[in-house]
Amino acid sequence: MYKIAVFVSGRGSNLKSILDSFPQDENEVKVVCVVSDKIDCPAFETAHQNNIKTYSISNVNKEYYLVYSELISILDNLKVDLIVLAGYLKKIPDELIEQYEKRIINIHPALLPSFGGKGMYGSNVHKAVFEKSVQVSGATIHFVDKIYDNGKIIAQQSVNIGNVNTPKDIAERVLKIEHQLLPFVIKKFSMNKVVERNNRVYLLN
Ligand code: GRF
């Protein structure tokens, strides 16, 4: 069984698409916990409906919140194979990145390295893409390192946005792509079919 922890900050549609792709009563990919910087969010509702433990984390000691060092020991005890950032808005501290080197991935709603980096999240991304009159957008899944949206790219899927009228149209088209791409990549990880060769990442058949 391949164990993943999903980090969220809001709606949780990517968490839902993971749960839809990997029924938790089967032994393929198991979401062993859902983590957020929020004390509550719609994604936590989805987790609780699926009997998945949730944890709220903060960089500072706050009531009802864990600090990262506590979270790391929980992830270790759960024997997490992969951490999946799915709409998680906070920066992952270096200690967690070092501890889970090449085992933290993020999904970004644009074709990195374009339209990435600090402040480029959610609707900000789609507004920037719209205002540039970009004709193709898409989703990117990449390894998480110590710089925002900078880690090696694992997978990308593009979508034509030549005929959109609003940034919301872009968001909707890209989100559909995300809901396919993220489970696809998680499955490749679960089958040990994500490899790095000559400085590039390959997904094996
Ligand atoms: C997605 O668009 C994802 O690419 C970005 O944040 C959004 C999260 O959406 N990182 P949801 O919470 O999974 O619905």
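This is a short walk through the domains, one salt bridge, one helix pair and two backbone details of a predicted model.

Let's start with the overall layout. The domain assignment splits the chain in two. Domain 1 covers 1-101, and domain 2 covers 107-205. How far apart are the C-alpha centres of the two domains? They lie 20 Å apart. On the contact itself, domain 1 contributes 22 residues and domain 2 contributes 16 residues. Together the domains bury about 1,700 Å² between them. Of that area, 68% is on carbon and sulfur atoms.

Now the charges. Side chains of opposite charge can pair when their charged atoms come close. The structure holds 6 salt bridges. How many are counted between domain 1 and domain 2? The count there is 2 salt bridges.

Take one pair by name. Lys146 forms a salt bridge with Glu98. Their closest N and O atoms are 2.5 Å apart. Where do the partners sit? Glu98 is in helix 4, residues 94-99. Lys146 is in the loop between strand 6 (136-143) and strand 7 (153-160). The two parts are 48 residues apart in sequence, so this pair ties together distant stretches of the chain.

Next, a helix pair. Helix 5 spans residues 123-131, and helix 6 spans residues 167-190. They pack at an angle of about 115°. Their axes are 8 Å apart. Is the crossing left-handed or right-handed? Helix 5 passes helix 6 in a right-handed crossing.

Which residues meet there? From helix 5, we have His126, Lys127, Val129 and Phe130. From helix 6, we have Pro167, Ile170, Ala171 and Val174. By type, the residues of this contact divide into 6 nonpolar, 1 polar and 1 charged.

Last, two spots in the backbone. The first is a cis peptide bond, and it joins Leu112 and Pro113. Omega there is about 5°. Pro113 is found in the loop between strand 5 (104-108) and helix 5.

The other is Lys102. This residue is not a glycine, yet its phi is positive, at about 60°. Where is Lys102 placed? It is in the loop between helix 4 and strand 5.

To recap, the two domains have 2 salt bridges between them. Helix 5 and helix 6 cross right-handed. And the loops to look up on screen are the one holding Lys102 and the one holding Pro113.

Methods: Residues numbered from 1 in each chain as written. Predicted model: local features only at pLDDT ≥ 70, side-chain atom pairs only at ≥ 80, totals over all residues. Heavy atoms only, no water. Axes fitted to C-alpha atoms, helices over the stretch in contact; angles between N-to-C directions. Helix = DSSP H or I, 4+ residues; strand = E, 2+ residues; numbered from the N terminus. Left-handed = near helix turned anticlockwise from the far one by under 90°. Contact = heavy atoms within 4.5 Å. Nonpolar A, V, L, I, M, F, W, Y, C, P; charged D, E, K, R; others polar. Domains from an automatic or database assignment. Buried area = accessible area lost by both parts, 1.4 Å probe. Salt bridge = Lys/Arg side-chain N within 4 Å of Asp/Glu carboxyl O.
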